[in-house]
Amino acid sequence: MIATAGLSASAARAQSCQELWVERNSYYKDAGYCFKTRRAISYFGNRGCSYEYEADVPLSRGIRERIADIRAMEQRRGCD
């Protein structure tokens, strides 16, 4: 798990779109997700990946909740 999972609410709000994207996708990378987009493959690669579908990736409830929070922040900010 990456360090930003323990950020305070104010620190998490200060994250840029890029930082949010990296944090969100790092959870998937660490759990073995096989990325589909050129951007994610370029940044993270697919070496050692095991899961083709996001829903199949074994993530804890806490991580899934954090991902949902990140997605909401990305949407509010108009991130790509």
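1. A word on surface first: accessible areas here come from the Shrake-Rupley method with a 1.4 Å probe, and for residues only the protein chains shown count as cover. By that reckoning, the protein chain has an accessible surface of about 5,200 Å², and carbon and sulfur atoms hold 51% of that surface.

2. Please keep in mind that this is a predicted model, where local features need pLDDT of at least 70, side-chain atom pairs count only at pLDDT 80 or more, and totals for chains, interfaces and linings use all residues. Residues are numbered from 1 along each chain as its sequence is written, and side-chain values use heavy atoms, with hydrogens and water left out.

3. Now the overall fold: the protein chain has 4 helices and 0 strands, giving the pattern α-α-α-α along the sequence. Helices (H or I, at least four residues) and strands (E, at least two) are DSSP runs, numbered from the N terminus.

4. Of the 80 residues in the protein chain, 34% are buried; buried means under 20% relative accessible area (1.4 Å probe, protein chains only). A contact means heavy atoms within 4.5 Å. Among contacts between residues at least 6 apart in sequence, 45% join residues at least 24 apart.

5. Helix H2 (residues 17-30) is a good place to look, and Tyr27 lies in it. Tyr27 counts as buried because its relative accessibility is 4%. Its C-alpha atom is 9.0 Å from that of Arg64, 37 residues away along the chain.

6. Asn25 is also found in helix H2. Is Asn25 buried or exposed? Asn25 is buried, because its relative accessibility is 7%. Leaving aside residues up to four places away in sequence, Asn25 touches Phe35 and Phe44.

Note on methods
Buried < 20%, exposed > 50% of the residue type's maximum accessible area, 1.4 Å probe, protein only.
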